[in-house]
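Welcome, and please get your viewer ready for a short walk. At each stop you will be told what to select and what to look for.

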Amino acid sequence: MIENLIRDLGPWTWWIIGFLFLIIEIFAPGMFFLWIGLAALIVGTNALFIPMAWQAQVVLFAVLSIVLAVLGRKLFHNYGKNTEREDLNKASERYVGRSYTLADDLSNGEGRLKIGDTFWLVRATKDYVAGTKVTVTGYDGSVLLIEEASEAA
């Protein structure tokens, strides 16, 4: 049945299979089905210009699928991993060691610190009044841990 379908439709069979794999890639991303889809499209285009037996087309499809998948993995394996800013998604880490001035009083060792245009929740071992210069010593999730700047230095 599949043999007859491939023989009757010729290149269209491979193009349909190729586009189906590309559609699957959209819904199941991971850049795996992309290479299989491209292999099918290449076989279909090749079958349009070069008459080949269906068995040769299937072998060519299998070989191209493997070759393209391996090459694609090697080419795109590190894509997007080499960023200059390793702390890009670790905003709390960027502030450790820096000093700031409290805009609000701390109550029970907790409060807010304005850094740029953002307010951060802060925690300290004691209360500080507004205007105190503090240093960020660490973080606990999204809460910055602070001490008075003269103690941290």
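In which helix is the place of Leu71? Select Leu71 and you land in helix H4, residues 54–76. Helices here are DSSP runs of H or I with at least four residues, strands are runs of E with at least two, and both are numbered from the N terminus.

Before moving on, a word on the model: it is predicted, so local features need pLDDT of at least 70 and side-chain atom pairs count only at pLDDT 80 or more, while totals for chains, interfaces and linings use all residues. Residues are numbered from 1 along each chain as its sequence is written, and side-chain values use heavy atoms, with hydrogens and water left out.

**Stop 1: a nonpolar patch**

Keep Leu71 selected and add Met31, Val59, Val63, Val67, Leu75 and Phe76: together they make a nonpolar surface patch of about 630 Å². Patches are made of residues with over 30% relative accessible area and no salt bridge, with like charges joined within 9 Å and nonpolar side chains (Val, Leu, Ile, Met, Phe, Trp, Tyr) within 5 Å. The areas come from the Shrake-Rupley method with a 1.4 Å probe, and for residues only the protein chains shown count as cover. Leu71 has 45% relative accessibility, so it counts as partly exposed; buried means under 20%, exposed over 50%, and partly exposed in between (1.4 Å probe, protein chains only). As you look along the helix, recall that an α-helix has 3.6 residues a turn, so residues three or four places apart point the same way.

**Stop 2: helix H2 and its rings**

Now select residues 11–27, which form helix H2. Its 17 residues reach 25 Å from the first C-alpha to the last, close to the 24 Å expected at 1.5 Å a residue (the expected span is 1.5 Å times one less than the number of residues). Which residues of H2 are buried? Colour Pro11, Thr13, Trp14, Trp15, Gly18 and Glu25 to see them.

Next, show the aromatic rings. Rings of Phe, Tyr and Trp (its six-membered ring) pair if their centres lie within 6.5 Å; planes under 30 degrees apart count as stacked, over 60 as edge-to-face and the rest as tilted. By this rule the count comes to seven aromatic pairs. Zoom in on Trp14 and Phe61: their ring centres are 5.1 Å apart and their planes lie at 40°, so this pair is tilted. The pair links distant parts of the chain, with Trp14 in helix H2 and Phe61 in helix H4, 47 residues apart. Both Trp14 and Phe61 are buried.

Slide over to Phe21 and Phe33, whose ring centres are 6.0 Å apart with planes at 15°, so that pair is stacked. Here Phe21 in helix H2 is linked to Phe33 in helix H3 (residues 33–49), twelve residues apart. Phe33 is partly exposed, with a relative accessible area of 25%. Add Phe32 to the selection, and you have a cluster of Phe21, Phe32 and Phe33 linked by ring pairs.

**Stop 3: the strands**

Select strand E4, residues 133–140, together with strand E1, residues 99–101: they pair in the antiparallel sense over three bridges. Two strands pair if DSSP finds at least two bridges between them. Where does Ser99 find its bridge partner? Look to Thr135 in E4.

Then add strand E5, residues 143–148, which pairs with E4 in the antiparallel sense over six bridges. Gly138 stands opposite Leu145 in E5. E4 and E5 form a hairpin with two residues between them, and Gly141 in the turn has a positive phi of about 70°.

**Stop 4: charged partners**

How many salt bridges does a search of the whole structure find? There are three, a salt bridge being a side-chain nitrogen of Lys or Arg within 4 Å of a carboxyl oxygen of Asp or Glu. Begin with Arg112 and Asp104, whose closest N and O atoms are 3.5 Å apart.

Now centre on Arg123. Its side chain meets that of Glu110 in a salt bridge (3.8 Å, N to O). This pair joins Glu110 in strand E2 (residues 110–115) to Arg123 in strand E3 (residues 118–123), 13 residues apart. Arg123 also forms a salt bridge with Asp140, at 3.3 Å between the closest N and O atoms. That pair links Arg123 in strand E3 with Asp140 in strand E4, 17 residues apart. Select Glu110, Arg123 and Asp140 together to see their network of salt bridges.

**Last stop: Asn108**

Finish in the loop between E1 and E2, the place of Asn108. Phi of Asn108 is near 55°, a positive value in a residue other than glycine. Asn108 is exposed, with a relative accessible area of 71%.
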